[in-house]
Amino acid sequence: MKFTLNIKRSEQLVNICGSLDKNLENLATNLDVDISNKGADFNIKGDNADKAVSVLQELLILSEKKTIDFSDIDLSIKSLSRPNGEAKSVTIKTSKKHIHIRSDNQQKYVNSIIENDAVFAIGPAGTGKTYLAVARAVEALENSNVKRIVLVRPAVEAGEKLGFLPGDLSEKVDPYLRPIYDALYEFIGFERVNKLIEKHVIEVAPLAFMRGRTLNESYIILDEAQNTTIPQMKMFLTRMGFGSKMVITGDVTQIDLLNPSQSGLTDAIKILQNIDQIAFCHFGAHDVVRHQLVKKIVGAYDQN
């Protein structure tokens with residue numbers, strides 16, 4: 001099959017094809033087709049040639065907004081399974097970045113956050129649980145839907161002891177909160193994040209600091225919730241005040257507690273399923289948006 005992409009600028013073609021045509025190679029591998037091109041003129045051979053054309057046309061639209069990577073190709077291929085091949089998209093808009101979501105489960109997750117007061121996101125690493133929750137929190141803050149963001153994480157050691165780490169309590173806990181900081185920097189910028197933290201508009205804290213508080217008009221995210229105990233989870237959930245939203249993320253296959261059966265996340269899944277305004281979103285290996293190898297690793301562990 002031969003076709004021509006309606007390229008407006010040469011930079012778009014470079015963006016779509018990728019460095020050394022790596023994006024085209026990835027697309028060809030995933031759809032089991034042969035792809036060659038001379039400029040914007042493409043020749044595609046294989047049973048899935050029509051699908052490859054659809055993906056390239058979607059990447060053309062996307063190339064005007066962002067740098068194309070393997071996750072964009074993966075999500076575009078997944079969108080082909082929808083009726084009429086139409087890729088429904090949800091967009092989260094922050095001051096520094098717009099996040100386009102096409103994965104079905106991620107779309108349901110983001111919509112659930114809008115529609116419910118508390119949302120549990122359960123699934124493996126790389127599925128965007130924390131990333132999308134932080135993005136939605138920043139969007140809500142910038143739109144004045146909430147007055148502050150509270151980001152919480154249990155400081156449970158994965159094979160190391162906090163007491164052996166140098167520094168005061170804040171410095172000991174900081175490494176556990178690093179993924180949250182990284183997401184904030186991406187959406188708001190380093191300087192602005194630090195200013196908002198100084199003004200207590202953004203608060204990043206270990207779970208133990210939540211006891212005794214009531215959080216009104218706040219967007220509260222609990223990350224790595226599988227490492228909460230049952231009493232800690234109950235304590236956290238009862239911190240919700242008026243005008244607040246909660247998002248609880250975790251992976252039940254990576255519990256670092258000495259007694260995994262006492263995980264607050266697995267307990268909450270059992271007892272909160274039928275409560276109004278609480279939603280549960282489950283992710284699997286097929287939702288991973290990191291390197292393709294990560295998806296294969298997660299799938300292998302699931303099968304084992």
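User: Which residues of H4 are the buried ones?

Analyst: This is a predicted model, so take everything here as computed from it. In H4 the buried residues are Ser71, Asp72, Ile73, Asp74, Leu75, Ser76, Ile77 and Ser79.

User: And what makes helix H4 "mostly covered"?

Analyst: H4 spans residues 70-79, and eight of its 10 residues are buried. To get that label, a residue has to come in under 20% relative accessible area.

User: Why is Glu224 called partly exposed?

Analyst: Its relative accessible area is 25%. Buried would need under 20% and exposed over 50%, so a value in between is partly exposed. You'll find Glu224 in the loop between S9 and helix H9 (230-237). Beyond its neighbours within four places in sequence, Glu224 touches Arg153, Pro154 and Thr249. As for Asp256, it is 32 residues away from Glu224 in sequence, with 9.9 Å between the C-alpha atoms.

User: Why does Glu64 count as partly exposed?

Analyst: Same test: Glu64 has 43% relative accessibility, and the partly exposed class runs between the 20% and 50% cut-offs, so it fits. Glu64 sits in the loop between helix H3 (49-63) and H4. With neighbours within four places in sequence set aside, its contacts are Lys8 and Gln12. Ile16 is 48 residues from Glu64 in sequence, and 10.0 Å away in space, C-alpha to C-alpha.

User: Why are H1 and H2 said to be oblique to each other?

Analyst: Two packed helices are described by the angle between their axes and the distance between the axes. Here helix H1 (residues 10-17) and helix H2 (residues 22-31) pack at about 45°, with axes 5 Å apart. Under 35 degrees would be roughly parallel, and roughly perpendicular covers 65 to 115. An angle of about 45° falls in neither class, and H1 and H2 are therefore oblique.

User: Which residues make the contact between H1 and H2?

Analyst: Asn15, Ile16 and Cys17 come from H1, and Lys22, Asn23 and Leu24 from H2. By class, that's three nonpolar, two polar and one charged.

User: How do you know which way the side chains of strand S4 point?

Analyst: In a regular strand the side chains alternate between the two faces of the sheet. S4 (residues 90-93) follows suit: Val90 and Ile92 point to one face and are buried, while Thr91 and Lys93 point to the other and are not.

User: What makes S4 and S5 a pair?

Analyst: Pairing takes at least two bridges. S4 and strand S5 (residues 98-101) have four, in the antiparallel sense. One of the partners is easy to pick out: Lys93 is bridged to His98 in S5. A hairpin of four residues joins S4 to S5.

User: What makes S1 and S2 the edge strands of their sheet?

Analyst: That sheet is open, with three strands in the order S1-S3-S2 and antiparallel pairing. S1 (2-4) and S2 (34-38) each pair on one side only. Neighbouring strands there are turned by 25° against each other on average, direction ignored. S1 and strand S3 (residues 41-45) share three bridges, against the minimum of two for a pair. Phe3 stands opposite Phe42 in S3.

User: Why do S8 and S11 stand at the edges?

Analyst: The six-stranded sheet is open and parallel, in the order S8-S7-S9-S10-S6-S11. S8 (202-206) and S11 each have a single partner strand, so one side of each is left without a neighbour in the sheet. From one strand to the next, the twist averages 15°. Strand S7 (residues 148-153) and S8 are joined by five bridges, with Ile149 partnered by Ile202 in S8. Helix H5 (residues 104-115) lies across S6, S9, S10 and S11, at about 150° to S10; an angle over 145 counts as roughly antiparallel.

User: Which residues have the most contacts inside the largest nonpolar core?

Analyst: Tyr109, Leu151, Leu184 and Tyr219, in a core of 39 residues. Another core lies apart from it, with 24 residues, among them Leu24, Leu59, Leu60 and Ile68. As for Leu151, its contacts beyond four places in sequence include Val134, Ile180, Leu184 and Ile221.

Conventions. Residues numbered from 1 in each chain as written. Predicted model: local features only at pLDDT ≥ 70, side-chain atom pairs only at ≥ 80, totals over all residues. Heavy atoms only, no water. Core = buried A, V, L, I, M, F, W, Y, C linked by side-chain atoms within 4.5 Å. Buried < 20%, exposed > 50% of the residue type's maximum accessible area, 1.4 Å probe, protein only. Contact = heavy atoms within 4.5 Å. Helix = DSSP H or I, 4+ residues; strand = E, 2+ residues; numbered from the N terminus. Axes fitted to C-alpha atoms, helices over the stretch in contact; angles between N-to-C directions. Nonpolar A, V, L, I, M, F, W, Y, C, P; charged D, E, K, R; others polar.
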